[in-house]
Amino acid sequence: MHDILPDDQVYFQKVCKSVESIANFYTFKRIETPLLEDADIYYKGTGEDTEIVEKQMYTFRTKGGDHVALRPEWTPSIVRSYIEHGMQSLPQPVKLWYYGPCFRYERPQAGRYRQFHQFGFEVIGEAKPAIDCQIIQMSHDVLKEMRFKNLIIEVNSIGDSECRPYFKKNLMNYLRSKRSSLCPDCQRRLKQNPLRILDCKEEKCQRIKAGAPQIIDHLCESCHSHFKQVLEFLDESEIPYNLNPYLVRGLDYYTKTVFEIFENTPQGKEQGALMGGGRYDNLVKILGGRNTPACGAAGGVERIMSLLKNKETKPDTSKDAKVFLAQLGNLSKKKSLKILEEFRRAKITVAETLSKDSLKAQFRTANKLGVRYVLIFGQREALNDEIIVRDMDKGSQEVFKLDAVVAEVKKKLKNL
Ligand code: AMP
């Protein structure tokens with residue numbers, strides 16, 4: 001678990017702003033759900049055999065005896081809210097977005113934290129392939145909005161309850177014949193969830209995977225046609241993608257389309273997927289609602305932030321103060337609060353250190369902040385209702401009446 005320190009907030013905010021602007025454009029509404037949920041929604045929804053639920057979920061029993069979990073991912077929680085609040089009677093689909101913390105007990109390594117932030121989009125109540133494409137496009141757009149250029153989108157279809165069982169059997173037969181060469185985790189997975197073996201990063205399992213049957217060749221007609229249309233939409237929208245027949249994603253609830261987006265750089269590969277998602281047509285029903293198709297995607301804020309930090313262009317920090325108010329003496333200190341309030345109303349950020357009395361110390365801070373203008377407000381100025389504006393670049397100074405200074409500084413900032 002980690003802190004997001006003040007210096008990193010610019011990146012944290014940048015991710016949130018990009019997500020919000022894309023979500024607003026596509027008329028998604030924001031949702032917040034509790035950090036703590038009945039653990040059952042993840043056992044049922046995310047799936048008991050998944051890595052997240054089996055190994056990574058923080059669960060505990062409350063004093064009242066409820067078995068609760070810290071949210072390891074948002075989707076089951078959002079679907080629980082959709083059902084609980086009768087959103088199925090709203091015009092469908094319901095389009096939602098979110099941004100907030102998740103918890104997973106992971107082995108700490110590059111791109112893996114135990115508390116991290118996810119954002120995402122969910123479209124609940126629509127089965128058409130255009131939605132899958134829209135979710136992929138929005139995910140791609142969010143990353144492009146943050147100036148990621150070298151992105152890879154990997155896409156696959158993992159079928160549905162009609163075709164997947166046949167494929168699983170097929171795969172199981174193949175994997176059983178290779179059992180002794182699989183890693184210990186995969187030997188165990190063989191019984192519970194053989195699809196996950198396709199996702200294993202162990203080298204010996206990768207070799208076995210290369211000869212495994214591919215689900216894409218075993219899709220039923222409806223899944224096949226759905227996937228074909230998703231790819232046609234992607235082609236039409238000129239969204240670049242790679243087919244990855246081994247992409248299964250770790251979660252049980254996915255049906256049909258699944259995808260992941262990476263940055264195609266050494267550091268990007270080390271971090272892992274920046275975003276991932278897919279269709280989950282059974283989840284609403286699994287959690288007790290009506291049969292309702294849905295599709296969504298989630299992104300990892302910390303992974304994106306760590307790659308953003310390495311880019312040459314820092315996100316816009318124009319909100320940082322360009323003006324500093326330096327005061328000297330009791331009267332000016334008293335009047336300073338009112339001046340600051342006037343600048344705030346004019347939406348000009350002004351830094352200050354009202355706790356300091358020495359002009360020298362205040363100028364030191366102003367220099368550190370790299371502001372362009374320092375407002376010097378001494379005892380004489382306070383008596384005359386005047387203030388000095390010093391241009392730190394030019395070294396020049398002008399005196400203004402107090403009631404004119406906000407407008408004058410505004411003019412100067414505009415001309416920068
Ligand atoms: P998932 O729900 O596992 O598909 O995760 C969606 C996205 O969240 C991933 O693509 C990552 O960017 C991010 N993510 C998942 N787990 C972690 C973690 N432990 N630490 C940081 N980011 C994570």
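This report covers surface charge, cysteines and backbone geometry in a predicted model.

## Positive surface patch

Four residues, Lys 356, Lys 360, Arg 364 and Lys 368, form a positive patch on the surface. Arg 364 belongs to helix H14, which spans residues 359–369. With a relative accessible area of 54%, Arg 364 is exposed. Patch members need over 30% relative accessible area, so Arg 364, at 54%, meets that part of the criterion.

## Cysteines

The structure holds zero disulfides. Cys 200 is in none, and the nearest cysteine sulfur to that of Cys 200 belongs to Cys 186, 3.7 Å away. A disulfide requires a pair of cysteine sulfur atoms within 2.5 Å, so the 3.7 Å between Cys 200 and Cys 186 does not qualify. Cys 200 is buried, with a relative accessible area of 8%.

Cys 295 is likewise in no disulfide. For Cys 295 the nearest cysteine sulfur is that of Cys 133, at 10 Å. Cys 295 has a relative accessible area of 2% and is buried.

## Surroundings of Cys 163

Cys 163 sits in the loop that runs between strand E7 (151–157) and helix H6 (164–176). Its relative accessibility is 4%; buried means under 20%, so Cys 163 counts as buried.

Cys 163 and Ile 215 are 52 residues apart along the chain. Their C-alpha atoms are separated by 8.9 Å.

## Cis peptide bond at Pro 93

The peptide bond that joins Gln 92 and Pro 93 is cis, with omega about 0°. Pro 93 lies in the loop between helix H4 (75–84) and strand E5 (94–103).

## Positive phi at non-glycine residues

Thr 27 is not a glycine, yet has a positive phi of about 55°. The residue is placed in the loop between helix H1 (9–25) and strand E1 (29–30). Thr 27 is exposed, with a relative accessible area of 53%. The cut-off for exposed is over 50%, so Thr 27 falls in that class.

Asp 385, also not a glycine, has a positive phi of about 55°. This residue is found in the loop between helix H15 (379–384) and strand E15 (386–391). Asp 385 has a relative accessible area of 35% and is partly exposed, because that class lies between the 20% limit for buried and the 50% limit for exposed.

Definitions and conventions:
Residues numbered from 1 in each chain as written. Predicted model: local features only at pLDDT ≥ 70, side-chain atom pairs only at ≥ 80, totals over all residues. Heavy atoms only, no water. Patch = residues over 30% accessible without salt bridge, like charges linked within 9 Å, V, L, I, M, F, W, Y side chains within 5 Å. Areas by Shrake-Rupley, 256 points an atom, 1.4 Å probe, with all protein chains shown as cover. Salt bridge = Lys/Arg side-chain N within 4 Å of Asp/Glu carboxyl O. Lys, Arg positive; Asp, Glu negative; His and termini not counted. Charge placed at Lys NZ, Arg CZ, Asp CG, Glu CD. Helix = DSSP H or I, 4+ residues; strand = E, 2+ residues; numbered from the N terminus. Buried < 20%, exposed > 50% of the residue type's maximum accessible area, 1.4 Å probe, protein only.
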